[in-house]
Each structure stands twice: as structure tokens, then as C-alpha cells.
Amino acid sequence: MQHERIAENVYFFQSELYAQVTAGVITGPDMAVVIDTLALPEETRQMRRFIERELRVPVRYVINTHYHADHSWGNCFFPEATIIAHTKCHEFLDTRGRASLEREKKDNAALRESDIALPSVTFDEGQMDLQVGKKNLSLFPFPGHSADSIAVLVEEDRILFCGDTFMPLPVLADGDINDTTASLKKLPKLGLENLVPGHGEIVLRGEIDAAVKGNLDYLSKITKAVRGAARRRYPLDVLETVHVEDCGKSRVLIAGMAEQLHQRNMVALFYQLYGKLPEGSATDD
Ligand SMILES: [Zn+2]
């Protein structure tokens, strides 16, 4: 796990074990707020130790940007903290989250000590404020990657922790392309110093407009590819020949998972547009 100080009392963590997933910490004089946990217990514990030993404050709140495993399954390692999230995050963790953790525990010994810890403070619309020392955190819905996605703005520093709705490559498999587009379009107007994606590197002020445009271009390219494939007999065969580079993104993104995520994006988008999965010749009788 790597960590970096972004501004006074604001820290960024990035996993070295899984998909460059990120987390954040904002500290006040007597407590810390954690934004997302890391994918594996080992790294979440490492982050907790760093906060307690180096920053010397206890964690009072954990905010989950959304319910996916790599952002929320470490909640249980902060048993004294209040967990905050979108109302739907509570619902999804309690249903899909519990079921998938039970499945994962069978294959992954590292997760056997994990448990689902549900948010006890939730909101669905508007914004929620949380004061940490002299800083105000503003939490608001930021849907796209998933229906429960939220973002957290550190108002004084103009740093936005935006979860997975913005990352180096959009990921739609559990999301919605229209919500993603609408959320992305809000980013350039926020006057940000730093944009912290749910995976990957921090985006600096001067790079934000281009990064957002890159993701919007990617979304329009995959939309075109999916529409074109839908006119053919075996759309899946066609989609398999459209690589992530053809849509303007590098395959090394997100710890080399970009091509795989991209293929899933196109299948998910096909489903969103046509209400069925794309057919391939291999599945035809
Ligand atoms: Zn996610």
C-alpha cells in the first residue's frame, strides 16, 4: 500500500495488491474520517495502523463511496466507527454484498476474517455535511458506476474523492451509461484542485478537463461500437474484435485489467440498450 499527503490533513492511499484501488483519510484534531476501505484485510489494517500511529487519531467515521467489495469490505476493521453511505449502499451490501462475501470466502482464505459491516447513517438525495476539524466534507450522490455511488468533496481544499464513477477507464458492468455521462459532465464545473478516482492516480487541476473528456469520448466510442455490432448477426463476435485501444484507452490502465473491463463494458452497454445479451456464433446452435 502506498500513501501520500495531498493537502494539510488529507491523505491518499493506493493498493499495490488489487487494481490500484484507492482510499482517503481526512483528519481533525481528535479524529479521522476514512473514505473507502481497501480490497484486502491486510491493506485496510495497514491503513488503520498508519492513521493511529503516524497521524495519532482514532477513526470515527468510514464513508463508503459504493458497495463494491474493494471499497467496503474493510468496514469491519473499524468496529468503533460510524459507517456512512447512500441508502442503496446499505441495501446492496446487505443482499448482494453478503452473498458474494460468503462465496468469496470459499476461494480466498485472506477474506475469511472479513464480515459485512453495514452503514448506520445513510442519505439518498441532496447533500450531507460532515465537519472534520476546520474542514467541511460534503457528500452527494454521484451515480454512474453503480446506483449507490457517492462522491465526497473536501470543500476547503477542493479535493473530490469521486469513487468509481470517475476512474482511468469507465466501468459500467453494474452501472448506467447515462448516469455516468451526467456525473462526469459535472466535474469540470466544480473548481477542483485534485480529483481522486476510486482506482488509479490522482488527477491534478490542469488535467481534469482532458481526463473527463477522455472518458466521455470512450463512452461515445463504445456506444458506436455496440450499435454497429447490434446490426450484425453475431454481435458478440464483432465486439470481441473491438479492443480497448480502438476506443482511445490504453490496456495497461487499472493494473492491466483495462481490456477485460472494456469487454465487459460493451456487453453491459449492449444489455442496457437492447435488453438482452449480445449473441456470439459459439453460442449458436
Ligand atoms: Zn466499484
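Cys-162 is buried in this predicted model. Its relative accessible area is 1%. The closest cysteine sulfur belongs to Cys-89 and is 16 Å away, too far for a bond. A disulfide is a covalent bond between the sulfur atoms of two cysteines. A pair of cysteine sulfur atoms counts as a disulfide within 2.5 Å. By this rule the structure holds zero disulfides. Cys-247 is also buried, at 4% relative accessibility.

The zinc ion has four donor atoms. Three histidines and one aspartate supply them: His-66 through NE2, His-68 through ND1, His-145 through NE2 and Asp-164 through OD. These contacts span 2.1 to 2.4 Å. The angles at the zinc ion run from 88 to 177°, which makes the arrangement irregular. A tetrahedral site would need all angles between 85 and 135 degrees. Along the sequence, the donor residues follow the spacing H-x1-H-x76-H-x18-D. His-68 sits in the loop between β5 (59–63) and α2 (69–72), while His-145 sits in the loop between β9 and β10. The pair therefore ties together parts that are 77 residues apart in sequence. Both of these histidines are buried. His-68 has a relative accessible area of 16%. For His-145 the value is 4%.

The strands that flank the loop of His-145 are β9 and β10. Strand β9 covers residues 135–141 and strand β10 covers residues 150–154. They pair in the antiparallel sense, over five bridges. Within this pairing, Ser-138 stands opposite Leu-153 of β10. Both strands belong to an open sheet of six strands, in the order β8-β9-β10-β11-β12-β13. Pairing in this sheet is mixed. The edges are formed by β8 (128–132) and β13 (203–204). Each edge strand pairs on one side only.

Aromatic contacts were searched across the whole structure, and five aromatic pairs were found. One of them joins Phe-13 and Phe-50, with ring centres 5.7 Å apart. Their planes meet at 80°, so the pair is edge-to-face. Planes over 60 degrees apart fall in that class. Phe-13 lies in strand β2 (residues 10–14) and Phe-50 lies in helix α1 (residues 41–55). The contact thus ties together parts that are 37 residues apart in sequence. Phe-13 is buried, with a relative accessible area of 0%. Phe-50 also counts as buried, at 13%. Ring pairs link these two residues with Tyr-11 into a cluster.

Another ring pair consists of Phe-270 and Tyr-274. Here the centres are 4.9 Å apart and the planes lie at 50°, so the pair is tilted. Both residues belong to helix α8 (residues 258–274). They are four residues apart, and therefore separated by about one helical turn. Their exposure differs in class. Phe-270 is buried, at 3% relative accessibility. Tyr-274 is partly exposed, at 35%.

A charge also meets a ring in this model. The charged end of Arg-96 sits over the ring of Phe-92, at 4.0 Å from the ring centre.

Note on methods. Residues are numbered from 1 along each chain as its sequence is written. This is a predicted model: local features need pLDDT of at least 70, side-chain atom pairs count only at pLDDT 80 or more; totals for chains, interfaces and linings use all residues. Side-chain values use heavy atoms; hydrogens and water are left out. Two strands pair if DSSP finds at least two bridges between them. Helices (H or I, at least four residues) and strands (E, at least two) are DSSP runs, numbered from the N terminus. Rings of Phe, Tyr and Trp (its six-membered ring) pair if their centres lie within 6.5 Å; planes under 30 degrees apart count as stacked, over 60 as edge-to-face and the rest as tilted. Buried means under 20% relative accessible area, exposed over 50%, partly exposed in between (1.4 Å probe, protein chains only). A charge sits over a ring if NZ of Lys or CZ of Arg is within 6 Å of the ring centre and within 35 degrees of the ring normal. Donors are N, O and S atoms within 2.8 Å of the metal (3.2 Å for Na, K and Ca); water is not among the atoms, so sites may look incomplete. Four donors count as tetrahedral if all angles lie between 85 and 135 degrees; four count as square planar and six as octahedral if opposite donors are over 155 degrees apart and all others between 65 and 115; anything else is irregular.
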